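This dialogue takes a learner through the reading of a protein model. A teacher replies to each question with the general idea where one is needed, and then with the case at hand.

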Amino acid sequence: MGVRFFRGQKTKFEHEHRQIKEIAALLRKEFPNEPVYLLTSVLVANGQIDCIILTKNGPLVLELKAFRGEIRGVENGRWEIVTKDGPIPVPNIFIQAKIHRQDFIDRMIPVSREHFPHIGENNLRKIGSWLYFCKGSTYPDGQIDFRRVKWFRIVTADTLLEKLRYTDSGYTLRIQDMDEIVKGFGLEEYSFDSDKPLIPVARTVPPKKRISRGIIISVVIILIILALVLVVLFVPGTNVALTNVMQGVLTLVLGTVQSVTTDMVKSGSTDYDSRQAVIYLNDIRIQSGVTPVPWDERAYYLAFARADDMANFSYLGYVNPVSGMDASALKAGFGISGNESVTESDYGQWNGYSLGIEKQAINSWISDEGNRNRLLGNYSSGAVACSKGYCSFIGVGQAELFPYVNISALPVNISPTADAGLL
């Protein structure tokens, strides 16, 4: 089988092609007969993933960095690469790896639900997101604790295969699963040596003659019904017992249905709902010529708290009319620092939480000029969350760029409505 190559678009940079060629050579030597897919230049919500490796142990995201030297950086703050010509400052590449990892997971989840639900979403979240540097690069100990951040690594051509051998996702990725991932991302297969697209060969499987499961179940049900009718007709006193049994079964089935229906009812946005809402918002931002905003767990919990507060106190506005608290006063409790500001937009409807309310809120905000300007603002991160019919968008930015504005609470409006404020 060996290595197969897929891409979203052609590689535009020489250094990326050089590193991909290096990785391809390593994989071809390590996996001459095992199925391995190498995906390159894959577009996602917040940019482009340089490289993704699919093996039977699961996917691995690789961000390519054409630097050689001593790498310095932790979870927060800026990073630098100390080269022979001196230190080179770079943006926080840990955050970049984290964002690309989440983007890939968000795209993988719907593919998994449809084509390989047996893997489970919790296992999908074990995907690694590594940084690939030039040979000779080092990352000294005492910086990021890899025992706690298990999904993150810094590798080179000398260490990639060694660390790849010990990855354990908890499941096995089959060839048909890899094919569905490639199809879900809309990638084309190409020859790495000639750089030309490959025409897929249609594979036909002769149909097997077999009785369908539906027919077998139908026959079994008919036989059971016939047997019960014969028992009632020819065995005295069984009709009363049979009636009691049927009533008991019916009560059990109705109780189960009621329990399942209750479990399916949600009253607020999960983090998955919030991420999907941000993906939807980013599509609008991209179409408007604005940079996508990364999903922020802190903003999600703050937005949910604001929506839940409006629902519990029955108001629609920026400030709780009873406690006087607003998003700016609450942000510190959700890990948002003092040198970061929060911008809020609010939405409410009277029929409670419903499927797709997050998109309804975004559509409502986008249709209003003031709210639209705020949703398309310059943020470092953000999130959308809803609770019991109320929704809040929280955009996180730099405090010096967003001065505090004190806006009083607005009364609740009976019709679905939206409002926004800068806090």
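The turns below deal with a sheet, a pair of helices and two backbone angles.

Q: Before we begin, what kind of model is this?

A: It is a predicted model.

Q: How should I read the sheet; in which order do its strands lie, and is the pairing parallel or antiparallel?

A: One reads a sheet by following its strands from one edge to the other. Here 3 strands form an open sheet in the order S5-S6-S7, with antiparallel pairing. Strand S5 (70–72) and strand S7 (86–90) are the edge strands, each of them pairing on one side only. On average, and with direction ignored, neighbouring strands of this sheet are turned by 20 degrees against each other.

Q: How many bridges join S6 to S7?

A: Strand S6 (residues 79–83) and S7 run antiparallel and are joined by 5 bridges. As one case to locate in the structure, Val82 has Pro87 in S7 as its bridge partner.

Q: How does one describe two packed helices?

A: The description uses the angle between their axes and the distance between the axes. For helix H2 (residues 93–115) and helix H5 (residues 175–185), the axes come within 10 Å and cross at roughly 125 degrees. An angle between 115 and 145 degrees counts as oblique, and H2 and H5 are therefore oblique to each other. The crossing in which H2 passes H5 is right-handed.

Q: Which residues make the contact between H2 and H5?

A: From H2 come Phe104, Arg107, Met108, Val111 and His115, while H5 contributes Glu180, Ile181, Gly184 and Phe185. Sorted by class, the contact of H2 with H5 has 5 nonpolar, 2 polar and 2 charged residues.

Q: I should also like to consider the backbone angle phi. What is the phi of Ser41?

A: Ser41 is not a glycine, yet it has a positive phi of about 50 degrees. This residue is found in strand S2 (residues 36–44).

Q: Is Ser41 buried or exposed?

A: A residue counts as buried under 20% relative accessible area. The value for Ser41 is 2%, so Ser41 is buried.

Q: Where does Lys388 lie, and what is its phi?

A: Lys388 lies in the loop between strand S12 (381–387) and strand S13 (390–398). Its phi is near 50 degrees, a positive value in a residue other than glycine. The relative accessible area of Lys388 is 39%, so this residue is partly exposed.

How values were computed:
Residues numbered from 1 in each chain as written. Predicted model: local features only at pLDDT ≥ 70, side-chain atom pairs only at ≥ 80, totals over all residues. Heavy atoms only, no water. Pairing = 2+ DSSP bridges. Helix = DSSP H or I, 4+ residues; strand = E, 2+ residues; numbered from the N terminus. Axes fitted to C-alpha atoms, helices over the stretch in contact; angles between N-to-C directions. Parallel < 35°, antiparallel > 145°, perpendicular 65-115°, else oblique. Left-handed = near helix turned anticlockwise from the far one by under 90°. Contact = heavy atoms within 4.5 Å. Nonpolar A, V, L, I, M, F, W, Y, C, P; charged D, E, K, R; others polar. Buried < 20%, exposed > 50% of the residue type's maximum accessible area, 1.4 Å probe, protein only.
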